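The exercises below ask for short arguments about one protein, each followed by a worked solution. Please look at the sequence and the structure before reading the solutions.

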Amino acid sequence: MAIHITGDAAADKILDESPFALLAGMMLDQQYPMEHAFRGPAKVTDRFGTFEPAAIASADPEEFAAMAATTPAIHRFPGSMSSRLQELARIVVDDYDGDASRLWNEARDGQDLLKRIMALPGFGKQKAQIFVALLAKQRGVRLEGWESVVGDYALDGHRSVADVVDPDSLQKVRDFKKAKKAAAKATDTTPDTAPGTA
C-alpha cells in the first residue's frame, strides 16, 4: 500500500521509499498538523539534498538548524526538532547501520518493536503505539502481538495517522481527535482551585 498522508505526491513518495523518512515524519508529528509533520522529510530533502541518516547525523548542527528553520520550516519548533532529527539519525546509524527498517524487521514481536520505538527520541508510549499501528496497517509489518500492544489503534476506524490513506480519512481522523478532546474536556473534574485554597 502506498503512503498518502501529506496531500503532496512528492512528499508521500519520500515516505514510501525511505523507512527513515517515515520514522522521522512520525517523530515530527507533535504539536503540529500531521500532514505538515510528515512533509518534513521532503523539505529536508529539497534543501539538504538527501534524507540519508548518515548525512543528517554528521551535518553541522547550526547549519542544519538554520536549514530546518527556513520558511516553510520543518516544524513549529524547528530548532529543537532539527536537533532531535539529528539525534534520531545518529541512533539509526549507530544501532542499525543506517537502515531504519531494521528497527521493525529485526524485532522479535510487537512488544519488542514497541520497546525499540519508545527508546527513540521524541517517542512516548502513545506515539510508539501509533507508529506500530501505522507499520502494521500500511506497511504490512504485523508482528506477533502487535494488536495487543497498540490497543484501540489496531481497530478499524479513523483514530490516528495510521488510518490516513487520503484527504477524506485525514479529515475523519481530525474529527475523531477533536471529538475526543472535547469529551475529555467535558468530563474533566479537576477542581478550579488548588487543595486547601477554596
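For the charge count, Lys and Arg are taken as positive and Asp and Glu as negative, while His and the chain ends are left out. The model is a predicted one.

**Exercise 1.** Determine how far apart the mean positions of the positive and negative charges of the protein are.

*Solution.* Under this convention the protein has 24 positive and 29 negative charges. Taking the mean position of each set, one finds that the two means are 5 Å apart.

**Exercise 2.** Decide whether the radius of gyration of the protein agrees or disagrees with that of a compact globule.

*Solution.* Begin with the chain length of 198 residues, for which a compact globule would have a radius of gyration near 16 Å. The protein has 18 Å, which agrees with that expectation. Along the principal axes, the C-alpha atoms fill a box of roughly 55 × 40 × 35 Å. As for the secondary structure inside this box, the protein has 12 helices and 0 strands. Finally, 46% of the 198 residues count as buried, and among contacts with a separation of 6 or more, 56% come from residues 24 or more positions apart.

**Exercise 3.** Describe the surroundings of glycine 110 and establish whether this residue is buried or exposed.

*Solution.* Glycine 110 is found in helix 9, which spans residues 110-118. Its relative accessible area is 0%, and because buried means under 20%, glycine 110 is buried. Once neighbours within four places in sequence are set aside, the contacts of glycine 110 are Leu143, Glu144, Gly145, Trp146 and Val149. By contrast, the C-alpha atom of isoleucine 14, 96 residues away along the chain, is separated from that of glycine 110 by 25 Å.

**Exercise 4.** Find how many aromatic pairs the whole structure holds, and characterise the pair formed by phenylalanine 20 and phenylalanine 51.

*Solution.* The search of the whole structure finds 4 aromatic pairs. In the pair of phenylalanine 20 and phenylalanine 51, the ring centres are 5.2 Å apart and the planes make an angle of 35°, so the pair is tilted, as is any pair that is neither under 30 degrees nor over 60. This pair links distant parts of the chain, since phenylalanine 20 lies in helix 2 and phenylalanine 51 in the loop between helix 4 and helix 5, 31 residues apart. Both residues are buried, phenylalanine 20 at 2% relative accessibility and phenylalanine 51 at 7%. Elsewhere, ring pairs link Trp104, Phe123 and Phe131 into a cluster.

Terms used. Residues are numbered from 1 along each chain as its sequence is written. This is a predicted model: local features need pLDDT of at least 70, side-chain atom pairs count only at pLDDT 80 or more; totals for chains, interfaces and linings use all residues. Side-chain values use heavy atoms; hydrogens and water are left out. Helices (H or I, at least four residues) and strands (E, at least two) are DSSP runs, numbered from the N terminus. Buried means under 20% relative accessible area, exposed over 50%, partly exposed in between (1.4 Å probe, protein chains only). Contact means heavy atoms within 4.5 Å. The radius of gyration is taken over C-alpha atoms; the globule rule is 2.2 Å times the number of residues to the power 0.38. The place of a charge is taken as NZ of Lys, CZ of Arg, CG of Asp or CD of Glu. Rings of Phe, Tyr and Trp (its six-membered ring) pair if their centres lie within 6.5 Å; planes under 30 degrees apart count as stacked, over 60 as edge-to-face and the rest as tilted.
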